[in-house]
Amino acid sequence: MFSRFALLSVILAALSGATSARAQSADGTWLTQAGDARVKIGKCGAGICGNIVWLREPHDTATGQPATDSKNPNPALARRPMIGLPLFSGMQPSGPNKWSGQIYNADDGSTYASSVSVTGADSLRVEGCVGALCGGETWTRTGR
């Protein structure tokens, strides 16, 4: 009887560890802190990729056309749609539940050094830096 209980305890501990590891994954859809965009994050080689999949305002209010990457200094890229826009580049593992690389900011058309960290089952910290000036926000997992 004791050995069955011990075996059951080991199995339950292993399963709860697996659930905890899954909860710490960055894979999924995340709502930005401002609530104006959702970003789908998934595996991309050894790292992660993130693309915009939803916008609160998907159309340009001036033209009524789908929103584009209009702040991008490259004229060819400035015409690409915001939905589907890749935000991360070179995001590689840099620690437990953490990735580092570059993040694109469509608000100003610039790319910044960045890190992404899973800080809870439904919480993702996204940070970016320009020189010594850094900032960040916390995104919330959506649609479990």
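## Two disulfides

Searching the whole structure turns up two disulfides, a disulfide being a pair of cysteine sulfur atoms within 2.5 Å. In general terms, that is a covalent bond between the sulfur atoms of two cysteines. Before going on, bear in mind that this is a predicted model, where local features need pLDDT of at least 70, side-chain atom pairs count only at pLDDT 80 or more, and totals for chains, interfaces and linings use all residues. Residues are numbered from 1 along each chain as its sequence is written, and side-chain values use heavy atoms, with hydrogens and water left out.

One bridge ties Cys44 to Cys49, with an S to S distance of 2.0 Å. Its torsion about the S-S bond is about -50°, so this disulfide is left-handed. The other bridge is between Cys129 and Cys134, whose sulfur atoms are also 2.0 Å apart. Here the torsion is about 110°, so the Cys129 and Cys134 disulfide is right-handed. Count the bonded cysteines along the chain and you get the pattern 1-2, 3-4.

How covered up are these cysteines? For the terms: buried means under 20% relative accessible area, exposed means over 50%, and partly exposed is in between (1.4 Å probe, protein chains only). Cys44 counts as partly exposed at 35%, and Cys49 is partly exposed at 23%. Over in the other bridge, Cys129 is partly exposed at 26%, and Cys134 is partly exposed at 49%.

## The overall layout

The chain has one helix and eight strands; these are DSSP runs numbered from the N terminus, helices being H or I with at least four residues and strands E with at least two. Reading from the N terminus, the order is α-β-β-β-β-β-β-β-β.

Of the 144 residues in the chain, 29% are buried. The accessible surface comes to about 8,800 Å², and 60% of that belongs to carbon and sulfur atoms; such areas come from the Shrake-Rupley method with a 1.4 Å probe, and for residues only the protein chains shown count as cover.

## The nonpolar core

Nonpolar side chains tend to be buried together in soluble globular proteins. In this model, the largest nonpolar core has 24 residues, and Ile41, Phe88, Leu124 and Trp139 have the most contacts inside it. A core here is a set of buried Ala, Val, Leu, Ile, Met, Phe, Trp, Tyr and Cys residues joined through side-chain atoms within 4.5 Å.

What does Leu124 touch, leaving aside its neighbours within four places in sequence? Its partners include Ala26, Trp30, Ile41, Val116 and Trp139, where contact means heavy atoms within 4.5 Å.

## Rings and charges

A search of the whole structure finds one aromatic pair. The rings of Phe88 and Trp139 have centres 6.4 Å apart and planes at 10°, so they are stacked. The rule is that rings of Phe, Tyr and Trp (its six-membered ring) pair if their centres lie within 6.5 Å; planes under 30 degrees apart are stacked, over 60 edge-to-face, and the rest tilted. This pair links distant parts of the chain, with Phe88 in strand 4 and Trp139 in strand 8, 51 residues apart. Both Phe88 and Trp139 are buried.

Two arginines also meet rings. The charged end of Arg38 sits over the ring of Trp54, 4.7 Å from its centre, while that of Arg80 sits over the ring of Tyr104, 5.4 Å from its centre. To qualify, NZ of Lys or CZ of Arg must be within 6 Å of the ring centre and within 35 degrees of the ring normal.
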